[in-house]
Amino acid sequence: MGLVKAVRCPRCEAPAAGDNAGVCSHCGTVVDLVMDLTSVPSLAEIRRRAERSIWKWRELLPIQEPAAIVSLGEGYTPLIEARRLGERLGIPRLYVKNDGLLPTGSLKDRVNALAVSRGREMKVPLVATPSTGNAAASLAAYAAAGGLACIVLVPEGTAPAKVAQARICGARVVAVRGAFDTVAALARQAIERFGWYSALSDNPWRNAGHKSYGYEVLDQLGEVPDWMIHPEASGGAVAGTWKAFGEMQELGWVRRKPRMVAAQAEAAAPLVRAWEKGLTDVEPVTPGPTVAEAIKVGQSRLGWQCLAALRDAGGTAVAVADDEILEAQRLLAALEGVFAEPAGAVSIAAARRLSQSGAIGPKESVVAVVTGHGLKQLVEHRLSEIPTIEPTLEALEQAIKGGAPCP
Ligand SMILES: Cc1ncc(COP(=O)(O)O)c(C=O)c1O
Ligand SMILES: [Zn+2]
């Protein structure tokens, strides 16, 4: 089990006030867990383990009590060699990390496995979070498996499939009028007032789950990719992956690190705007409508960490338009058989942009993380009428005239 050596602010380096502090009392930045790496086994030893979940790397995850761990088998999602899509995008060495196949269908299982395990370690009765939908579904599942109560707040109009997932697991789901940032502000007040255990992105134990991307990609690919692209809202996936590569470098496991990319929808791109302005922290924006509902946010709680990671990595932040997102979603399905929700395909749209602009070269390896399953949020116009026929061969022949459309 992983030992936490220090809890400190990554920005002003101050030690955190108290062992369970999530946020620096000086500057408000989410604090960082510095792991004790001295008792981590060798890379070869860990890679030999048969386990296929994030807990294969348990010495690097900040849970000390094995009995507290709640696992639904999260991690080790397929890393697909996406030859057909890669050829189309001009990236012959494109790999798709399909996190739509995590237990509840989104990347959130990586962090909520940690949030609930930590909550059990602390013997809390209840966990809570605001969510654009996926975190709600995920937290509800882990809370159910861990025997904790769960309250989730979602924006009114959240995809029904995600709400259904959370409810069937027994969570108390409350829809709030307003966009995600309003819901998150209310949730923070409630967490403070009612003493709920927070599974928000200002819980550093939760955030450690994002590190699993780094360990897993090295294990599955057998080398460090040149680029890693994540669809982003809080900035946590980029920050966590980058941290994992930093730890692996410290351990002498890797000599170089990937260039990191944070991908957002144009209508909700606080990280990209801050990156373009050369800022070190995110300024809130007012999000507009976008098909990428899961990442429709105006503020990025881990923006400071994410922007620092992008700078250190020689990476970038890319905003893509809705038509690019929908085209990426279609190409990913039509050429690779992977059905992603729109937000999940934002990494593919960003890869396409970066290839077109020449930022990604044709010899470079790229891991694009696809973060949510397509069945989570169905896009209306994709549900348009299919031919319905009488059960005769003539009618069938008529219906399939012209063959299947070519991707
Ligand atoms: C499908 C999907 N992709 C990406 C993200 C972004 O995750 P993060 O908040 O860690 O940046 C979310 C967040 O809800 C999501 O649901
Ligand atoms: Zn600070």
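Which residues in helix 3 meet which residues in helix 4?

## Helix 3 and helix 4

The structure is a predicted model. In helix 3, the residues that meet helix 4 are K108, D109, N112, A113, A115, V116 and R120. Their counterparts in helix 4 are N134, A135, S138, L139, Y142, A143 and G146. Sorted by class, this contact comprises 7 nonpolar, 4 polar and 3 charged residues.

Two packed helices are described by the angle between their axes and the distance between the axes. For helix 3 and helix 4 the angle is about 40°, and the axes lie 9 Å apart. Angles of 65 to 115 degrees count as roughly perpendicular and those under 35 degrees as roughly parallel, and helix 3 and helix 4 are therefore oblique to each other. Their crossing is right-handed.

## Two domains and their contact

The domain assignment gives domain 1 as 4-43 + 106-203 and domain 2 as 79-103 + 206-381. Taken over C-alpha atoms, the centres of domain 1 and domain 2 are 21 Å apart. In the contact between them, 31 residues belong to domain 1 and 33 residues to domain 2.

On the side of domain 1 that touches domain 2, at least two residues each come from strand 2 (32-35), helix 3 (108-121), helix 4 (134-146), helix 5 (160-168) and helix 6 (180-194). Helix 3 gives the most to this side, with 6 residues. By class, the residues on this side of domain 1 are 18 nonpolar, 7 polar and 6 charged.

## Surroundings of ligand 1

There are 19 residues around ligand 1, and A233, S234, A294, T371 and G372 come nearest. Helix 4 and helix 9 (236-250) are the elements that give two or more residues to this shell.

Both domain 1 and domain 2 contribute to the shell around ligand 1, with at least three residues from each. The shell is made up of 8 nonpolar, 9 polar and 2 charged residues.

## Helix 12 and helix 13

A further helix pair is formed by helix 12 (residues 322-336) and helix 13 (residues 346-356), which pack at an angle of about 100° with their axes 8 Å apart. Because of this angle, helix 12 is roughly perpendicular to helix 13.

Helix 12 makes the contact through E324, I325, A328 and L332, and helix 13 through V346, I348, A349 and R352. In the contact of helix 12 with helix 13 there are 6 nonpolar and 2 charged residues, and no polar ones.

Methods
Residues numbered from 1 in each chain as written. Chains lettered and ligands numbered in written order. Predicted model: local features only at pLDDT ≥ 70, side-chain atom pairs only at ≥ 80, totals over all residues. Domains from an automatic or database assignment. Contact = placed C-beta atoms within 7 Å. Helix = DSSP H or I, 4+ residues; strand = E, 2+ residues; numbered from the N terminus. Nonpolar A, V, L, I, M, F, W, Y, C, P; charged D, E, K, R; others polar. Axes fitted to C-alpha atoms, helices over the stretch in contact; angles between N-to-C directions. Parallel < 35°, antiparallel > 145°, perpendicular 65-115°, else oblique. Left-handed = near helix turned anticlockwise from the far one by under 90°. Near = placed C-beta within 6 Å.
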